[in-house]
Amino acid sequence: MDRVTDMPGTPARAARPGQANDYDGFAEAYMADNENNLQNAYYERPAMLALAGEVAGRRILDAGCGAGPLSAALRDRGADVTGIDASAGMLALARRRLGDDVDLRVCDLSDPLPFPDGAFDDVVASLVLHYLEDWGPTLAEMRRVLRPGGRLIASVHHPFVDYAIQAPGPTISRPPAISRISRSADSPSR
Ligand SMILES: C[S@@+](CC[C@H](N)C(=O)[O-])C[C@H]1O[C@@H](n2cnc3c(N)ncnc32)[C@H](O)[C@@H]1O
């Protein structure tokens, strides 16, 4: 496993060249959107932080940390954070955000994790597990690196999100309540 020390501008390198989710290819754009958008900044991240609760002094692995917004928030709350991600491009942005004192490593969650047993109090996995074909080995590894009684806090896309954004778009009937609102807005006299 590599320890990422690249600064932005260093050519991006995927943990597995040719992998389907090429975050290296749009790392900057993804980070810019993720920073303030409704689903990440106002829904998912606050929910993860609420679930994590009081984290001061806890050793936390941010699995699939991306550009590190959750790592930063956990660190600001006093946690000792380690971040791993398959995308060197995303990790370079995390490095820029978090500075040199955070352990950030290129690591594919399909592989064994490069940490000893019981190394963490918590593993957080924000919007990453749905990229894995087989969750079994990854969950086993997460359990191994958690201390007994440690916590896995995870979020995944709702399956309808992926269905709704696929091309060509799906045909979805409009729910009756929406139709009614739309009709009365278009034709108030009806
Ligand atoms: C939707 S982004 C979420 C990033 C971050 N957790 C956040 O909430 O801002 C998914 C992240 O998972 C990473 N990823 C995808 N497949 C992965 C894998 N097999 N192993 C490690 N990271 C992976 C991507 O590189 C990307 O940074």
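G66 sits in the loop that links β2 to α3, and in this predicted model that loop is a good place to start looking around. Is G66 buried or exposed? It counts as buried, because 25 other C-beta atoms lie within 10 Å, and the cut-off for that label is 20 or more. If you set aside the neighbours within four places in sequence, the residues in contact with G66 are D85, M90 and A94. M31 is 35 residues away along the chain, yet its C-alpha atom and that of G66 are separated by 8.1 Å.

G66 also brings us to the ligand. There are 21 residues around the ligand, and G66 is among those that come nearest, together with Y23, G64, A86 and S87. What is the make-up of that shell? It divides into 11 nonpolar residues, eight polar ones and two charged ones.

Now step back from the loop and look at the strands. β2 covers residues 59-63 and runs parallel to β3, with five bridges joining the two. To find your place in that pairing, look for L61, which stands opposite T82 in β3. Between these two strands comes α3, residues 69-76, and β2, α3 and β3 together make a right-handed β-α-β unit.

β3 has another partner as well. Four bridges join β3 to β4, residues 103-106, and this pair is parallel too. Here G83 is a handy marker, as it stands opposite L104 in β4. To get from β3 to β4, the chain passes through α4 (residues 88-98), and this β-α-β crossover is right-handed. Why is β3 largely enclosed by the rest of the structure? Because five of its six residues, which span 80-85, are buried.

Next, the inside. In soluble globular proteins, nonpolar side chains tend to be buried together. The largest nonpolar core here has 37 residues, and I60, A63, A94, V123 and V145 are the ones that touch the most other members. Plenty of elements feed into this core: α1 (27-36), β2, α3, β3, α4, β5 (120-126), α5 (135-145) and β6 (146-155) each give two or more residues. The largest share comes from α4, with seven residues. A94, one of the residues that touch the most other core members, is also a contact of G66, so to speak a link back to our starting loop.

V145 is worth a closer look. Leaving out residues up to four places away in sequence, V145 touches L61, L113, F115, D117, A119, F120 and V123. L61 is the residue we met opposite T82, and V123 is another of the residues with the most core neighbours.

For a contrast with G66, try another glycine. G53 lies in the loop between α2 (38-52) and β2. G53 counts as exposed because it has 11 C-beta neighbours inside 10 Å. Its C-alpha atom is 9.7 Å from that of L74, which is 21 residues away in sequence.

Finally, the whole chain. How many helices and strands does it have? There are seven helices and six strands, and from the N terminus on they run β-α-α-β-α-β-α-β-β-α-β-α-α. Of its 190 residues, 29% count as buried. Among contacts with a separation of 6 or more, 65% are between residues 24 or more positions apart.

Technical notes: Residues numbered from 1 in each chain as written. Predicted model: local features only at pLDDT ≥ 70, side-chain atom pairs only at ≥ 80, totals over all residues. Near = placed C-beta within 6 Å. Nonpolar A, V, L, I, M, F, W, Y, C, P; charged D, E, K, R; others polar. Buried ≥ 20, exposed ≤ 12 C-beta atoms within 10 Å, placed from the backbone. Pairing = 2+ DSSP bridges. Right-handed = clockwise from strand over helix to strand, strands pointing away. Core = buried A, V, L, I, M, F, W, Y, C linked by C-beta atoms within 7 Å. Contact = placed C-beta atoms within 7 Å.
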